[in-house]
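Reader: I am new to this structure and would like to go through it step by step. Please show it to me before I ask anything.

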2 protein chains.
Amino acid sequence: MKLKIKDVNFLTGGPFVSIINKNDAQEIDLHPGDRILIKKNGKKVISVVDFSENHFIKRGEIGLFDEVLNNLGGKKGYVNINLAQRLKSLGYIKKKLEGKKLNKKEIFEIIKDINSNNLNEAELTYFVSGCYSHGLDMTEIEYLTESIVKVGHKLNLKRHPIVDKHSIGGIPGNRTTMVVVPIIASLGFTIPKTSSRAISSPAGTADTMEALANVSFEVRDIEKIVEKTNACMVWGGGVDLASADDKMIKVRNPLRLDPHGLLLASIMAKKKAVNASHVLIDIPLGNGAKIESLIEAVKLKRKFTELGKKLRIKIKVIITDGKQPIGNGVGPNLEAIDVLKVLMGDGPKDLMNKSIKMSTIILKMLKIKDAKKKVLDSLNSGKAYEKMKEIIKAQKGNIFRPEQLKYGKFRKDIHSTRNGKVKKIDNKDVSKIARMSGAPADKTAGIYLNKKLKDKVKKGELLFTVYSDSKKRLDYALEMIKERNPYIIS
Amino acid sequence: MKLKIKDVNFLTGGPFVSIINKNDAQEIDLHPGDRILIKKNGKKVISVVDFSENHFIKRGEIGLFDEVLNNLGGKKGYVNINLAQRLKSLGYIKKKLEGKKLNKKEIFEIIKDINSNNLNEAELTYFVSGCYSHGLDMTEIEYLTESIVKVGHKLNLKRHPIVDKHSIGGIPGNRTTMVVVPIIASLGFTIPKTSSRAISSPAGTADTMEALANVSFEVRDIEKIVEKTNACMVWGGGVDLASADDKMIKVRNPLRLDPHGLLLASIMAKKKAVNASHVLIDIPLGNGAKIESLIEAVKLKRKFTELGKKLRIKIKVIITDGKQPIGNGVGPNLEAIDVLKVLMGDGPKDLMNKSIKMSTIILKMLKIKDAKKKVLDSLNSGKAYEKMKEIIKAQKGNIFRPEQLKYGKFRKDIHSTRNGKVKKIDNKDVSKIARMSGAPADKTAGIYLNKKLKDKVKKGELLFTVYSDSKKRLDYALEMIKERNPYIIS
């Protein structure tokens, strides 16, 4: 059927959808949710079809969204549509949902269709459900990782070794990446780091780095930045190094699902896409962290190690203290201030020590002698800080000193109501308050922690400060604190 | 945030979605997929939010679809939006996905949110996935059934007993409903039947009944039709007797999932919504039927019986021969011709016998003596046919005789290429060919079977005829037949 394009003029952000008139649909026996093959000048797109009554899309028209129009290469003229064949991947998704194992070809077919936007949201969700309900074995995770890498873009660096690191999320602050990367790069090793933005946390590494420099670059630009500085700290979602994974993450969000298999594949695909040879994985363990039980942490560690072998990547996994936030700042600017201070030889001790420890382990993985000494030298000599400035410049940034970073216009100090010791700082509550105060969209918002676990506290002493650029948001956060103060003093 | 309505002017047909400008979203820290509470003159709607760049929805505007606008009661003016609270049902859905049992309150919460369009497609899909992957126990199915009934509309008939029947799908033809309903009604019993339209088959009972009369009515109209004639045969999707279930069926379609628990709840909720006291369930068993193994059929039978007890509905389940189509016609008009002929004392023997058997069982369930004799009397005396005419009239129809029904303009006879006996007639192939010829959208399209299982066939003898109103569609169907002739003669 030949139809005239009507530009619907917005992005669905999801699977391809097109709209045709109900009567046209009836004529060629299309049902809502059917797939059609849309052809225009030799270009093809498969899209899910939806129907319109007469007033929006008239007979002979087809409403197309920006994503489809871009893929067809033109917003004017006519297209030809046909009922598309049933996708093979749907059968494989059903198989997984029934608890059966998938083979290499089947997993590739699913990932390929996810990446090409051939699956609608329900179908994609069924796949994630199957992985969550029945789990994936190590071989399936290996195939999944490789398939995600295969259908995405890769960073083409002619270097070896290539180092990478990853921290399992959930701990506010914890910006070790922004200290470790300049240390390692300053010692002459290559460490191209892609990071995520916050989803439900007050800042991801990409959000915090963005307080200092740009983080959205094309693959070719990233390659140039790494060639120049040995490193980068960019937003992974801005380049489609593992776009199939990004699409899966999107449907995992509403229920906040983290099936181990998908988590492993998601992390390792991103390492493989930058061609990493040595990877350090940090699993913070503690109440309110993503991983709350030692058994689970050890299980995950074993899986990472096994997957590393299968993918021929040297992996070291450390389980670290995740009982409280790392560093004092929580929120993009506040965290960036901590990072710059540490690189300048000052700043929160826990962030500094954890970064030194991680950098040392990385050097040991690379079989470098006197690893710890070299790490301390880099920090103390100011080499790591110089490298950080280089990276910021290469990423078109111009913030190099803590004083250049703004705090929220509105602030509120929270004081202790009793004498005692800090017994608990709830990670989840800290995240929630920082988020309510406006982070990460408001870069100046967040929390600055004045006391950490085991610190002595006197009645009336400052526990923490909340910052926000909006009075209303600050008030929201304060209300939340009244209900659930993240500190327990006793 | 106060925003001006922009009428986006089409139906999404799914969960409520609204679109706001990316910059407005950023200002109030909304993320794609977040829920917002939209208020207008005291009316409230919860909707999932999507973002637009500047060109479609400008700052200060909100793009709303027809469903949302109808619920807000106005297409002009301003609305107020706020971030909506996280839905409790999401936690329960996750629980199910992890294989845990849900209690009454949890299931009700989920069904309520499904019915109010509060869940987006991914979330709804997760619930169906959980039910598919982990199953539902009988108590969960009971709660599910009751919740679906509670949030939907009910037929308010002051009668007792109320009879209903249901055939598990998958068998082409099989229009016993349209024979059984007039028989039972002609004997003075109440049988308000709602049926489905075809999803992937060439006709549902609602499609075939539509060849004779209207099938879309409001609840109040259906009550009047039943008061007048003791019966009705209407499209269930046209009244929201179990709309939460209709929404679940929509996301089950792409993978063609039939989790037993949802199937049972779906069927029984529709029976309970018409306040049925006696229900006959027909499970056709055979290759190419929905239920292909005897073990599965028996399991399903046991579950129906148990669920009936819990819901205090008297249930009888029969497992019937589903090895081949029932009747000779497949497609709305062709099936309607079979039905009218049977009611007039002629027509396909298998359809007639199965209908007599089912009607007899229903009378026995009602403890009526000489059940079979009464059924035969009703048919032979023409009372059942007179009742059918009454029902057709009450449903504003005017087709009473087979001759009034048209056949497709184009036809093709398929002859046997050898002597022998009919060894197989493939249900799925028959459905597919009838569907390709244009059924159910083209009411005149379909297949007329001239031979049934075990019939002797001579070389050159007519096996079946394909009808269509479109030459192109007939050609499609014929190509399909070349590849997969549904008949095996040997």
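Reader: How many degrees of rotation superpose chain A on chain B?

Author: This is a predicted model, in which local features need pLDDT of at least 70, side-chain atom pairs count only at pLDDT 80 or more, and totals for chains, interfaces and linings use all residues. Residues are numbered from 1 along each chain as its sequence is written, while chains are lettered from A and ligands numbered from 1 in the order in which they are written. The copies are superposed by least squares on the C-alpha atoms of residues with pLDDT of at least 70 in both. Chain A then falls on chain B with an RMSD of 0.1 Å and 0.2 Å of shift along the axis, after a rotation of 180 degrees.

Reader: Which kind of axis relates the two copies, and which C-alpha of chain A is nearest the axis?

Author: The rotation that superposes chain A on chain B is 180 degrees. The two copies are thus related as by a two-fold rotation axis. In chain A, the C-alpha nearest that axis lies 2.7 Å from it and belongs to Ala122(A).

Reader: Which element gives the most to the side of chain A that touches chain B?

Author: Two residues are in contact if their C-beta atoms, placed from the backbone, lie within 7 Å, and 35 residues of chain A are in contact with 35 of chain B. Helices (H or I, at least four residues) and strands (E, at least two) are DSSP runs numbered from the N terminus. β4 (43-52), α3 (88-97) and α5 of chain A each supply at least two residues of this side. The most, ten residues, come from α5(A).

Reader: Why do the copies meet through the same surface, and how many residues of that side of chain A are charged?

Author: The copies meet through the same surface because 97% of the interface residues of chain A are also interface residues in chain B. Ala, Val, Leu, Ile, Met, Phe, Trp, Tyr, Cys and Pro count as nonpolar, Asp, Glu, Lys and Arg as charged, and the others, Gly among them, as polar. The side of chain A that touches chain B has 14 nonpolar and 15 polar residues, and the charged ones number six.

Reader: How are α5(A) and α10(A) oriented to each other?

Author: Axes are lines fitted to C-alpha atoms, for helices over the stretch in contact, and angles run from 0 to 180 degrees between N-to-C directions. The axes of α5 (residues 121-134) and α10 (residues 243-252) of chain A come within 10 Å and cross at roughly 90 degrees. Angles of 65 to 115 degrees count as roughly perpendicular, under 35 as roughly parallel, over 145 as roughly antiparallel and the rest as oblique. The two helices, α5(A) and α10(A), are therefore roughly perpendicular.

Reader: Which residues of α10(A) make the contact with α5(A)?

Author: The residues of this contact divide into four nonpolar, one polar and three charged. From α5(A) come Glu121(A), Leu124(A), Thr125(A) and Val128(A), and from α10(A) come Lys247(A), Met248(A), Val251(A) and Arg252(A).

Reader: What is the strand order in the open sheet of three strands, and which residue is the bridge partner of Pro284(A)?

Author: Two strands pair if DSSP finds at least two bridges between them. The open sheet has parallel pairing and the order β7-β10-β11 (chain A), with β7 (163-167) and β11 (314-321) as edge strands, each pairing on one side only. Strand β10 (residues 278-285) of chain A pairs with β11(A) over eight bridges. In β11(A), Pro284(A) has as its bridge partner Thr320(A).
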